[in-house]
Structures are given as C-alpha cells and as structure tokens.
Amino acid sequence: MAVPKGKVSRQRRDKRRSSHWKLTAPSIVKCPNCGEFCLPHHACRHCGQYKGRVVLNVEEDK
C-alpha cells in the first residue's frame with residue numbers, strides 16, 4: 001500500500017492544482033449573411049438571421 005513519505009505543503013499542493021482551472025475563450029465565427037462575429041449555433045445579433053432565416057427582429061440604427 002502506498003503511503004506518503006512526508007506532508008505535502010499547501011504551496012506545493014496548490015501549485016499542482018493551479019493548472020486545472022484555466023478558462024478557455026469562447027469560439028467565434030463570422031456570420032455568413034453580414035460578416036459580423038457571433039457565437040456558433042446562435043442567431044446573429046446584428047442581422048437577426050440563423051441558418052439563412054430571419055429569427056430576430058433587429059431595428060436598424062438611424
């Protein structure tokens with residue numbers, strides 16, 4: 001049976017665990033209709049289209 005030879009300090013323990021919580025940036029794609037960047041599998045907030053259909057009513061800036 002494996003038995004630790006000595007106590008692992010908090011610093012060494014936390015240093016080992018620090019790499020498990022890295023955040024990843026969300027992937028971003030270009031809208032095929034207007035070319036704005038948006039999240040994949042989401043309707044474009046700029047033009048309101050998803051898969052070639054208008055699903056959001058977007059008012060144009062005047």
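**A guided tour from strand β4 to the largest pocket**

Select V54 first: this residue sits in strand β4 (residues 53-54), where strands (E, at least two residues) and helices (H or I, at least four residues) are DSSP runs numbered from the N terminus. The model is predicted, so local features need pLDDT of at least 70 and side-chain atom pairs count only at pLDDT 80 or more, while totals for chains, interfaces and linings use all residues. Residues are numbered from 1 along each chain as its sequence is written, and side-chain values use heavy atoms, with hydrogens and water left out.

V54 counts as exposed because its relative accessibility is 57%; exposed means over 50% relative accessible area, buried under 20%, and partly exposed in between (1.4 Å probe, protein chains only). Now add H42 to the selection: V54 and H42 are twelve residues apart in sequence and 12 Å apart in space, C-alpha to C-alpha.

Next, select H41, in the loop between β2 (37-38) and β3. Its phi is near 65 degrees, a positive value in a residue other than glycine. Most residues other than glycine have a negative phi. H41 is exposed, with a relative accessible area of 70%. K51, in the loop between β3 and β4, also has a positive phi, near 55 degrees, and K51 counts as exposed at 70% relative accessibility.

Keep K51 and H42 selected and add P32, Q49 and Y50: of the 15 residues that line the largest pocket, these five are the closest to its centre. The pocket holds about 200 Å³ of space. A pocket is an open set of points on a 1 Å grid over the protein atoms alone where a 1.4 Å probe fits, with protein on both sides within 12 Å along at least five of seven lines; lining residues have an atom within 4 Å of a point. The elements giving two or more residues to this lining are β1 (29-30) and β3 (49-50).

Move to I28, in the loop between α1 (10-17) and β1. I28 counts as exposed at 53% relative accessibility. With F37 and L39, I28 makes a nonpolar surface patch of about 320 Å²; patch residues have over 30% relative accessible area and no salt bridge, and nonpolar side chains are joined within 5 Å.

Finally, select R13 and D14. They form a salt bridge, the closest N and O atoms being 3.0 Å apart (the rule asks for a side-chain nitrogen of Lys or Arg within 4 Å of a carboxyl oxygen of Asp or Glu). D14 is partly exposed at 38% relative accessibility, and R13 is partly exposed at 29%.

Technical notes
Points joined across faces, edges and corners; volume = space filled by probe spheres on them. Patch = residues over 30% accessible without salt bridge, like charges linked within 9 Å, V, L, I, M, F, W, Y side chains within 5 Å. Areas by Shrake-Rupley, 256 points an atom, 1.4 Å probe, with all protein chains shown as cover.
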